[in-house]
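Okay, thanks everyone for coming. I'll put the sequence and the model up, and then we'll go straight in.

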Amino acid sequence: FRCFLAPLEQGADVQRVTQLHYREMVEPTGVWQDTVEAEFKPEHRAFARMLAQEFGLAEPDVDVHRLVFAIFGMGVHFFVGQPVIVQIQPQVLADAAAVEELADRLAGYALGMIAAERRRRRAAAAARGAHR
């Protein structure tokens, strides 16, 4: 999350470029397809494979992919929602220290999401075992 959120620390010009990237995600023109293929898909797949291993799966299933999107989405929100966030609680993105603290919090939240998915999987496996 620290690397991902770093542009929030780099001033208005970098933030505007980043916002243009996210606008392309929301309103695609096709310009960003190469970036999706070259950067987003490989990062998503790598994280999904790591989580699949964590859950003892040979390959990521749809719930692993949901979790990857949810975790990445936490970071994306702070770019897409930056104007609203600053109006509601400007201290969240006030300076480099605030962005670093945000990155740490998001990492902790992500670990909580992973733990919750692990518990959900265990409960589902136990329920399947009880029905046999």
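Let's start with one pair of side chains: Glu117 and Arg120 make a polar contact, side chain to side chain, at 2.7 Å. Before we go further, keep in mind that this is a predicted model.

So where is Glu117 sitting? You'll find Glu117 in helix α6. And is Glu117 buried or exposed? Its relative accessibility is 11%, and the cut-off for buried is under 20%, so Glu117 counts as buried. If you skip the neighbours within four places in sequence, what does Glu117 touch? The answer is Phe55, Asp63 and Leu67.

Two of those, Asp63 and Leu67, take us over to helix α4, where both are part of the contact with α6. Helix α4 covers residues 62-80 and helix α6 covers residues 96-130. A quick reminder for reading these: two packed helices are described by the angle between their axes and the distance between the axes. Here the axes come within 11 Å and cross at roughly 160 degrees. The cut-off for roughly antiparallel is over 145 degrees, so α4 runs roughly antiparallel to α6. As for handedness, the α4 and α6 crossing is right-handed.

Who is in that contact? On the α4 side you have Asp63, Val64, Leu67, Ala70, Ile71, Met74, Gly75 and Phe78. Facing them from α6 are Leu102, Leu106, Tyr109, Ala110, Met113, Ile114, Glu117, Arg120 and Arg121. So our opening pair, Glu117 and Arg120, both belong to this list. Sort the residues of the α4 and α6 contact by class and you get 12 nonpolar, one polar and four charged.

Now, α4 has another partner to look at, and that's helix α3, residues 33-54. How do the axes of α3 and α4 cross? They come within 9 Å, at roughly 120 degrees. That angle makes α3 oblique to α4. The crossing of α3 and α4 is right-handed too. From α3, the contact uses Glu43, His44, Phe47, Ala48, Leu51 and Ala52. From α4, it uses Val64, His65, Leu67, Val68, Phe69, Ile71 and Phe72. By class, that contact of α3 with α4 has 10 nonpolar, two polar and one charged residues.

Back to α6 for a moment, because there's a contrast I like. Arg119 is also in helix α6, but with 54% relative accessibility Arg119 counts as exposed. How far is Arg119 from Arg45? They're 74 residues apart in sequence and, C-alpha to C-alpha, 22 Å apart in space.

One more residue: Gln82, in helix α5, which is residues 82-88. Gln82 has a relative accessible area of 10%, so we call it buried. Not counting residues up to four places away in sequence, Gln82 touches Leu8, Gln15, Gln19, His77 and Leu93.

Let's zoom out to finish. The protein has six helices and zero strands. The C-alpha trace spans about 60 × 35 × 20 Å along its principal axes. Of the 132 residues, 27% are buried. And if you take the contacts with a separation of 6 or more, 62% of them are between residues 24 or more positions apart.

That's my tour, and I'm happy to take questions.

Note on methods. Residues are numbered from 1 along each chain as its sequence is written. This is a predicted model: local features need pLDDT of at least 70, side-chain atom pairs count only at pLDDT 80 or more; totals for chains, interfaces and linings use all residues. Side-chain values use heavy atoms; hydrogens and water are left out. Axes are lines fitted to C-alpha atoms, for helices over the stretch in contact, and angles run from 0 to 180 degrees between N-to-C directions. Helices (H or I, at least four residues) and strands (E, at least two) are DSSP runs, numbered from the N terminus. Angles under 35 degrees count as roughly parallel, over 145 as roughly antiparallel, 65 to 115 as roughly perpendicular and the rest as oblique. A crossing is left-handed if the near helix is turned anticlockwise from the far one by less than a right angle, and right-handed if clockwise. Contact means heavy atoms within 4.5 Å. Ala, Val, Leu, Ile, Met, Phe, Trp, Tyr, Cys and Pro count as nonpolar, Asp, Glu, Lys and Arg as charged, and the others, Gly among them, as polar. Buried means under 20% relative accessible area, exposed over 50%, partly exposed in between (1.4 Å probe, protein chains only). A polar contact is a pair of N or O atoms within 3.5 Å; within protein, one must be able to donate a hydrogen and the other to accept it, and residues adjacent in sequence count only if both atoms are side-chain atoms.
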